[in-house]
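Morning, everyone. I have one structure to go through, in two parts: a patch on the surface, and then the salt bridges.

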Amino acid sequence: MAEQNFANHVRWVPGFHFFVMPVMALNFGWSIYRLKVANFSLDAFVGVLVAAALVALALYARLFAIAVQNRVIRLEERMRLERLLPADLKARIGEFTCGQLVAMRFACDAELPALARKVLAENIQGRKAIKQMVQTWQADHLRA
């Protein structure tokens, strides 16, 4: 497996991103086309509704999984921060946002205290900005 870093850490799930979503989009587009060709028949309208519901189902299923993943990451990172941060920063663990915790998970243990201090001191909010500050990347190969 290639070394993970900021440039290549985005996870693409081929079955979802390159099959399920394009097929759902094609089905939705085809249903709209059939509705137009059928001069707005009830059957064609129901087809559009079902196609839209399938697209929504696929998107919500992905969003729900990501929400659970983020909750686990928050818990893991708070435990990690409790173990690694100096006493003055431990009291501030609750100040980190979900986005900050998710982004900081890529920093190695040695780098995390300084990064956490900088994120809090400068109130850095963007996940991308925090990830770009990571010098020694700690890979996360288990995310969805």
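Leu 42, Phe 45, Val 46, Leu 49, Val 50, Leu 54 and Leu 57 together make a nonpolar surface patch of about 650 Å². Please keep in mind that this is a predicted model. To place one member of the patch, Leu 49 sits in helix α2, which covers residues 42-84. Is Leu 49 buried, exposed or partly exposed? Its relative accessible area is 48%, and because the exposed class begins over 50%, Leu 49 is called partly exposed.

Now the charged side chains. How many salt bridges does the structure hold? The count is six, and I will go through some of them.

I start with Arg 80 and Glu 77, whose side chains form a salt bridge at 2.9 Å, N to O. Both residues belong to helix α2, and since they are three residues apart there, about one helical turn separates them. As for cover, Arg 80 has a relative accessible area of 7%, and Glu 77 has 6%. Buried means under 20%, so Arg 80 falls in that class, and so does Glu 77.

The next pair is Asp 109 with Arg 83, a salt bridge in which the closest N and O atoms are 3.8 Å apart. Which parts of the chain does this pair tie together? Asp 109 is in the loop between α4 (98-104) and α5 (112-122), while Arg 83 is in helix α2, so the bridge links parts that lie 26 residues apart in sequence. Asp 109 is partly exposed, at 32% relative accessibility. Arg 83, at 55%, counts as exposed.

The last pair I want to show is in helix α5. Lys 118 makes a salt bridge with Glu 122, and their closest N and O atoms are 3.8 Å apart. The two residues are four apart in helix α5, about one turn. Lys 118 is partly exposed, with a relative accessible area of 38%, and Glu 122 is also partly exposed, at 48%.

One more point, about how the bridges connect. Which residues are joined into one network by salt bridges that share partners? They are Glu 77, Arg 80, Arg 83 and Asp 109. That network takes in the buried Arg 80 and the buried Glu 77, along with the exposed Arg 83 and the partly exposed Asp 109.

That is what I have. I'll take questions now.

Terms used:
Residues are numbered from 1 along each chain as its sequence is written. This is a predicted model: local features need pLDDT of at least 70, side-chain atom pairs count only at pLDDT 80 or more; totals for chains, interfaces and linings use all residues. Side-chain values use heavy atoms; hydrogens and water are left out. Patches are made of residues with over 30% relative accessible area and no salt bridge: like charges are joined within 9 Å, nonpolar side chains (Val, Leu, Ile, Met, Phe, Trp, Tyr) within 5 Å. Accessible areas come from the Shrake-Rupley method with a 1.4 Å probe; for residues, only the protein chains shown count as cover. A salt bridge is a side-chain nitrogen of Lys or Arg within 4 Å of a carboxyl oxygen of Asp or Glu. Buried means under 20% relative accessible area, exposed over 50%, partly exposed in between (1.4 Å probe, protein chains only).
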